[in-house]
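Me: Got a model here and want to talk helix packing. Can you take a look?
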Amino acid sequence: MSCGGGGDVGGGVGCGGVGVRVLCVILARAGSKGLPKKNSLPLAGKPLTAWTIEAALGAASVGRVVLSTDDAVVAEVGRGYGVEVVDRPGELATDTATVDGAVRHAVEVVEGGLGATAWQASSGTRSGNTCERFDVVVVLYGNVPVRPGGLIDRAVEKLVATGADSVQSVCAVGKFHPYWMKRLVGEGGDRLEDYEANEVYRRQDLPGVYQLDGGLIVVRRASLFGGGSGPHGFLGVDRRAVVTRAGEVVDVDSAIDLAVAEAVVAGGGGGGGGGGGGEPAGKSPVAREGQRLSVTQGTAGQASSGTRGGSTGGQAASGTGEGKVRIGGREVGGGEAVYVIAELGVNHDGDVERAIGLTDAAAAAGADAVKVQVFDAEMLLSNQAELAGYQKKSAADVHAMLAGLQLDESALGRVRDRARELGMGFVATCFSLGLVEVVERLGVDAVKVASPDAVNLPLVEALAGLGKPMVVSTGACELGELAEPVRAVGRAGCGLVMLQCVSSYPVAAADARVGAMAALRGLCPLVGYSDHTDEVATGMMAAGLGACVIEKHLTYDRGAAGPDHAASLDAQGFGEYVRLVRLGEAMRGDGEKCVGAGEEDVRRVARQSVCAVRDLEVGRVLERGDLTVKRPGTGIAARELERVIGRRLGRAVGKDDLLREGDLVRAVDWSSTA
């Protein structure tokens, strides 16, 4: 069923249960008391609002973008990008006008001037009219030039997957935590009082508190037009959050904010990467209509077309700051959860239905992504090509073997679509220069370079030119051979993860060399492990040693004929493998050495303090023989024993009583030195 002229985008239920239509409304009015005309002020050579427009155009989940403004300059900026401009009425452009009022007006204009009550619930039309109707509205502020890549798509996916009424972006409160804030009270108005009573004095013990950062609001149309009462009623009842890191969103309301944004953009942290990289100026959102973000089992996937909307793409896919890359809507590295790739490889035996079945098994086992191999036997093999030793067990001729195991572009596209329906990323290994364009058309979330091609500079450079995150395996490579490919990827500006790998199938546990990830860190901060062992615990060890990506082969039958089945895990084994990886990363922790909440009691009762070995009278000058150390650790710490010797007691202390600072007379009698 169609709800109008626009294409279905987004994931979830909407028009006839087919797809979610997503409209992005950018709010950029002329007035601002803090920084006059801020939305049209220049930032790094572009008007401030241009950065938000680029973020909206770069989001795969957004089908249409509209700019609501009463500023002629801002309106011209929007038209230059090809977005629709809605003239905001004066009553909706005042300091007292509400955000939801301006957004509703923009939606009504785009939908043909029809209010919420004019729609028939069954068809989304009014008698005599067939108009476009959206299911989800993304609200962006034009004065927020810096957002993390993928934020818009991440928020839309959460709204659809959870069934929430709205999603807002938030960041953790830092040093301005409510526990450390004060009130000024008393007659003089200068006496300090806790804003919220507490006994927390260490930053790591502060409870999590989050503040709205202005990055975005994503709301269902039903909530926007029919939400509850109150100033925030339009957000509905079920309100969710997507979390950004401190500094990832810059909301410009003052000259200082503008200077901060300039610094962030100059450092490469800004840009229109709201959907994983801004699209070229002047690209109309109409060009993206018709994309669809399918949803299966309550999880939003990525667009299934071969367009940039199907992946994080561009520079934002490569670097998100703080030593991370973004793969398939997921940040990888920098303390994020390990990204587990289920390598389908050639374990589908050239059968696309079997490949799709393995994709289902990967999702059920908890994998974050599936990986396929893009190869053509004729392109890959010369007349002198040979079988590797492990391949000779299952084939007699390398040409015949690979020809029977390859999947064409159409089949690989079906695997991609299934992966995204299941909410997983889609990664591909490309083996030939002639297939780089196929990989591009597939719209992969990351490009994998197989171990033998880690030193194949022509192929590495061609794949880096796609602008996708790169995952490079390093089996059968010497460390010194890897500097050139690392530089090649760096020149292209791609994010890079290097995987320690042993190119043996299967590799014996004693030869796995998981610890070699540490050596790779000298070349690349993000490392992981490509696992060819037949053990389920290897991934757990890799996670414990800091792997941010782990790749493991998945098969339907470890005893099946074929080159890789023996080095793979079946569905049950893979599920256990992922469980152990998660356990390993949980046990690894955040790398900080500090006292955990569960240790405080032990710290208090099991540490030792300075203690009297006999009854000691007031005024006694303490000698070593008067003192020992005993539990608990609530008195003067045991390490202070020598400092206490020679001090005078200000009160009597009984045998086995702990000494406390208040028991000791000052080391110096200041009254006698006046």
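Me: How are helix 8 and helix 11 oriented to each other: roughly parallel or roughly antiparallel?
Reply: Helix 8 and helix 11 are roughly parallel (angles under 35 degrees count as that, over 145 as roughly antiparallel, 65 to 115 as roughly perpendicular, the rest as oblique). This is a predicted model: local features need pLDDT of at least 70, side-chain atom pairs count only at pLDDT 80 or more, and totals for chains, interfaces and linings use all residues. Residues are numbered from 1 along each chain as its sequence is written, and side-chain values use heavy atoms, with hydrogens and water left out.

Me: What angle and axis distance for helix 8 and helix 11?
Reply: About 20°, with the axes 9 Å apart. Helix 8 covers residues 352-365 and helix 11 covers 409-421. Axes are lines fitted to C-alpha atoms, for helices over the stretch in contact, and angles run from 0 to 180 degrees between N-to-C directions. Helices are DSSP runs (H or I, at least four residues), numbered from the N terminus.

Me: Which residues make the contact?
Reply: Val 352, Glu 353, Ala 355, Ile 356, Thr 359 and Asp 360 of helix 8 meet Ala 411, Arg 414, Val 415, Arg 418 and Ala 419 of helix 11 (contact means heavy atoms within 4.5 Å).

Me: Switching: how do helix 13 and helix 14 pack?
Reply: Helix 13 (residues 457-464) and helix 14 (residues 483-492) cross at roughly 20°, their axes coming within 9 Å. So helix 13 is roughly parallel to helix 14.

Me: Which residues touch there?
Reply: From helix 13, Leu 457, Val 460, Glu 461 and Ala 464. Helix 14 gives Glu 484, Pro 485, Ala 488, Val 489, Arg 491 and Ala 492.

Definitions and conventions: Helix = DSSP H or I, 4+ residues; strand = E, 2+ residues; numbered from the N terminus.
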